[in-house]
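Load the model in a viewer and keep the selection panel open. The stops below are given in the order in which to select them.

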Amino acid sequence: MVAADNTDQLCQRCRRTAGAELNGPPRVPGDFWDHQAMAPAFSDRNMGALIAAYRHHPGHVSRITQDRMASWLGISQAQLSRYETGENPIDRIDRLRHFARVLGVPGDRLWFDRVGIPSQAGPDGGAPPDVLGAAWDASSIARSVEETARNDLAISRRAALSGAAAVAMGPALVEPLQRWLHPLQPLSRWSSSAAISEEELAALQHVADGLRGWGGRGGYGLARKAVLGQLEELAERLSRAPASPTTERAFFIGAELSKVAASMSWDAGMHDAAQRYYVLGVRMAKAGRNDPFAALCLAAMARQMFDLGRSEDGLELVQLAQYGTRRTATPTLRALLQTREAWAYAQLGQVQEFHRAVGQAQDSFARRRTDSDPWWLDSFDEAEMEGVIGARMRDLAKHDPSQAPKAEHHIRRALSLRDPSRVRNRAFDVIGLARTKMVAGEPEEACALIQQVLPKAAGLASGRVVRKLQDFAKEAELHRDLAVVRDTREAIRGLRTA
């Protein structure tokens, strides 16, 4: 009861409780979480809804505003608003754990640590290093790479694959990467160890050149461990190296290896690990003073987002890469980024924007000079550009069937230009052509193409190739009454993923 001489609306005990809430959430009774206001959030396994329900719980002494809750959680009010409305789902395991810990959610209520979103935990049960939140100075970047590679080398294949769902999305992914646009932070401390010599640098480059070709092989296994082992060793050396031109060039070698590790992880279906290494590739390239290669890593990460159905996130990453290299990109790099932009528009069904981006890509590609391009753009040749445009027109054909013949034209041209040694790329082309035939209502021709590629797919040990075949099998379900379709789908089911 409020005393007669108390002009406040709260009694002294309640006022003390409310004051404590300014610094953190109040203690709540055990039955707090059993209230009917909390039930829908727990049922939907939705942390954003849980935070909103917590704020509006009738058991609180005073109203909990979004500003106060945001300060407890260490985020902005705008971020909290997007979480609560569901505009930005909270998918990252480290954020889920942090929010639950701050609010004091009982352990037996945590769906994501039991049967929900799994974590890619190391031997000690902890989450992998946070590569998005680390500082952007050279020594911090080197330590982040070293810790991440060591953590991934320590976990088993089973543990790694069980954590493949926990990827950062939306502003949680894009906003930290925007720091790439800022100048590299000056080093407050720098090692007095000997600089990396030209001989040591040449040896590092020789090893990286040998490992680079492994990016198209099976996603896990010894090849990936070899890349991670070399990356860890290089990062450990960089953490002790003083600032010098050879140190910067060694950071660029680390960026190369990070991108290879990302590609192998993605091939194996480990999207969270792939995302970490793409981010590390951006950071290592920044420390190596090579913004165009950082843009290439962002473009690869965007492609991963497209694969996950996150078109808007992919588009933001591409636009970030375009802005960051607006003065330094060669025509070939511009063309590559413009095809990635078109990729997003195709998935979004934005026909006019798609054709505008494709036209810009073709104009940029026509102005390229191969003698001015770095070696890491060699793979983006005319065959690759035609294949990407054709596959994206196939995506667009789902919204506009008139695009199917155009898609077939570009994919067939890609196949005619593609080097026969690029077996995996040719497999993607043939699968893309088959999927185009399926969209065009020609299931027999589509299955005939898939039957051609199945023997090669079995020998590639590529998870991405198998997953593209599985996509074909799903799209072919509409014609499952045809014997050839049933046989082809059964053959695809017989393939083992990487």
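Select Asp-307 first: this residue is partly exposed, with a relative accessible area of 35% (buried means under 20%, exposed over 50%, partly exposed in between, with a 1.4 Å probe and protein chains only). Add Lys-468, which is partly exposed as well, at a relative accessible area of 21%. Asp-307 and Lys-468 form a salt bridge whose closest N and O atoms are 3.7 Å apart (a salt bridge is a side-chain nitrogen of Lys or Arg within 4 Å of a carboxyl oxygen of Asp or Glu). Asp-307 belongs to helix α14 (residues 291-307) and Lys-468 to helix α22 (residues 463-475), so the pair ties together parts that are 161 residues apart in sequence. Helices here are DSSP runs of H or I with at least four residues, numbered from the N terminus.

The model is predicted: local features need pLDDT of at least 70 and side-chain atom pairs count only at pLDDT 80 or more, while totals for chains, interfaces and linings use all residues. Residues are numbered from 1 along each chain as its sequence is written, and side-chain values use heavy atoms, with hydrogens and water left out.

Stay on α22 and select Glu-475, which is partly exposed with a relative accessible area of 22%. Which residue forms a salt bridge with Glu-475? The partner is Lys-398, with the closest N and O atoms 3.7 Å apart. This pair links distant parts of the chain, since Lys-398 sits in the loop between α18 and α19, 77 residues from Glu-475 in helix α22.

Next, show the two helices on either side of that loop. The axes of α18 (residues 382-397) and α19 (residues 404-417) come within 7 Å and cross at roughly 155°; axes are lines fitted to C-alpha atoms, for helices over the stretch in contact, and angles run from 0 to 180 degrees between N-to-C directions. That makes α18 roughly antiparallel to α19, a label for angles over 145 degrees. The crossing of α18 and α19 is left-handed, meaning that the near helix is turned anticlockwise from the far one by less than a right angle. To see the contact (heavy atoms within 4.5 Å), select residues including Ile-389, Met-393 and Ala-397 in α18, and Ala-407, Ile-411 and Leu-417 in α19. By class, the contact of α18 with α19 has 10 nonpolar, 3 polar and 5 charged residues. Ala, Val, Leu, Ile, Met, Phe, Trp, Tyr, Cys and Pro count as nonpolar, Asp, Glu, Lys and Arg as charged, and the others, Gly among them, as polar.

Move on to α20 (residues 423-439) and α21 (residues 443-460), whose axes come within 8 Å and cross at roughly 160°. That makes α20 roughly antiparallel to α21. Among the residues making the contact are Val-430, Leu-433 and Lys-437 of α20 and Leu-449, Val-453 and Lys-456 of α21. The contact of α20 with α21 divides into 13 nonpolar, no polar and 4 charged residues. The α20 helix passes α21 in a left-handed crossing.

Keep Lys-437 selected and add Glu-408, Arg-412 and Glu-442: these residues are linked in a network of salt bridges. A search of the whole structure finds 27 salt bridges.

For another pair, select Glu-236 and Arg-240, which form a salt bridge with the closest N and O atoms 2.9 Å apart. Glu-236 counts as partly exposed at 29% relative accessibility, and Arg-240 counts as partly exposed at 34%.

Finish at helix α5 (residues 77-85), where Gln-79, Leu-80, Arg-82, Tyr-83 and Glu-84 are buried. Gly-86 follows α5 and has a positive phi, near 85°.

Technical notes
Helix = DSSP H or I, 4+ residues; strand = E, 2+ residues; numbered from the N terminus. Parallel < 35°, antiparallel > 145°, perpendicular 65-115°, else oblique.
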